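Good morning, everyone, and thank you for making the time. Before I begin, could we have the sequence and the structure up on the screen, please?

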Amino acid sequence: MRDPGREVVAIVLSVSAYADDDRILKLLTPTEGKIGAFQRLGRRKPAGLDVGVRARLHLRHGRDGGLDTLVDVKVEDPRIHLRSGYGRLALSQYGCELVGALSREAHAEPKQFGLLDTWLVLLDALRADPSVSLAAALELKALTFAGVGPALDRCGACGGPVEPVMHLEPAGGGAVHARCGGGVVVAETVLAELERLRRTPLRELVDGVVSPLVGEVAAGLVRAQLGRELASRELLG
Ligand SMILES: [Zn+2]
């Protein structure tokens, strides 16, 4: 019997060319986490599925357990303004790569999906490029939703309260007292700012100022967690 397929809502994380005219899409869905799909283009024009676009997709299982094949597309949010500023475009690409890297396959990821969707909606709505350091808020939220968020409002080792000078071991669970562990010295004020970014909704942060130092600390937490620098991070300058 022919597979009737299924409908999923998805955000396009990446697009790569395959063979002559076909493409492989990496997608983030709330219901199935990260998935891949094969888009046969043939002589038809691409259906506007660029990175960051949210669409309702009709997928059919691939043969022999291969990639699902895309059979129909309804674009829900084309995010047409993302490409009107270099900063917005770079931040949108980075958001897709970051949240994709911290999302699982074959598991529902409604929080990561909602986070990335909000990020892209906000960037699309802006008239000017935001501060690059705004990415710190996205990084902290994505790490937290992935279950690897750092301790910022207490000592990650003993659970005691934050003191004026703490140490931060990016791969080791967050901030710790000097007597409880090692890492780079970090001021209580920086930890408080990181915690504020983690807890405040993205839309309330867009017009604010994030210090470059706080941005660097958050980026370091992502690098330590993933064990590598994400390719699109370089685009942020
Ligand atoms: Zn401690």
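Let me start with one small point: which residue in β7 is the bridge partner of H167? The partner is V176, and I will build outwards from that pair. Please keep in mind that this is a predicted model, in which local features need pLDDT of at least 70 and side-chain atom pairs count only at pLDDT 80 or more, while totals for chains, interfaces and linings use all residues. Residues are numbered from 1 along each chain as its sequence is written.

A word on terms, since I will use them throughout. Helices (H or I, at least four residues) and strands (E, at least two) are DSSP runs, numbered from the N terminus, and two strands pair if DSSP finds at least two bridges between them.

Strand β6, residues 165-169, pairs with β7 in the antiparallel sense, over three bridges. Besides the pair I opened with, E169 stands opposite G174 in β7. The two strands form a hairpin with four residues between them, and in the turn G173 has a positive phi of about 95 degrees. On the other side of the pairing, β6 is joined to β8 by four bridges, again with the strands running antiparallel, and here V165 has A187 of β8 as its bridge partner.

Taken together, these three strands form an open sheet in the order β7-β6-β8, with antiparallel pairing. Because β7 (174-176) and β8 (184-187) stand at the edges with a single partner strand each, one side of each is left without a neighbour in the sheet. From one strand to the next, the twist averages 45 degrees.

Helix α4, residues 188-199, lies across β6, β7 and β8, and runs at about 75 degrees to β8. For angles such as this one, axes are lines fitted to C-alpha atoms, for helices over the stretch in contact, and the angles run from 0 to 180 degrees between N-to-C directions.

From α4 we can move to the helices. The axes of α3 and α4 are 8 Å apart, and the two helices pack at an angle of about 75 degrees. That makes α3 roughly perpendicular to α4, where angles under 35 degrees count as roughly parallel, over 145 as roughly antiparallel, 65 to 115 as roughly perpendicular and the rest as oblique. In this packing, A136, A137, L140, K141 and T144 of α3 meet L194, L197 and R198 of α4, and residues are in contact if their C-beta atoms, placed from the backbone, lie within 7 Å. By class, this contact of α3 with α4 has five nonpolar, one polar and two charged residues; Ala, Val, Leu, Ile, Met, Phe, Trp, Tyr, Cys and Pro count as nonpolar, Asp, Glu, Lys and Arg as charged, and the others, Gly among them, as polar.

Helix α3, residues 135-145, also packs against α2, at an angle of about 165 degrees and with the axes 9 Å apart, which means that α2 is roughly antiparallel to α3. The contact is made by K111, Q112, L115 and W119 of α2, together with L138, K141, A142 and F145 of α3.

A further neighbour of α3 is helix α1, residues 86-101, whose axis comes within 11 Å of that of α3 and crosses at roughly 15 degrees, so α1 is roughly parallel to α3. On the α1 side the contact is made by L91, Y94, G95, L98 and V99, and on the α3 side by A135, L138, E139 and A142. These residues divide into seven nonpolar, one polar and one charged.

Now to the barrel. Five strands form a closed barrel that runs β1-β2-β3-β5-β4, with mixed pairing, and the twist averages 50 degrees from one strand to the next. Seven bridges join β1 (residues 6-18) to β2 (residues 22-29), which run antiparallel, and in β2 the bridge partner of Y18 is D22. Helix α2, residues 110-125, lies across β1, β2 and β4 (54-60), running at about 110 degrees to β2.

Finally, the domains. The domain assignment, whose bounds come from an automatic or database source, gives domain 1 (6-77) and domain 2 (82-236). Their C-alpha centres lie 28 Å apart, and 15 residues of domain 1 are in contact with 19 residues of domain 2. On the side of domain 1 that touches domain 2, β1, β2 and β3 (33-39) each supply at least two residues.

Methods. Contact = placed C-beta atoms within 7 Å.
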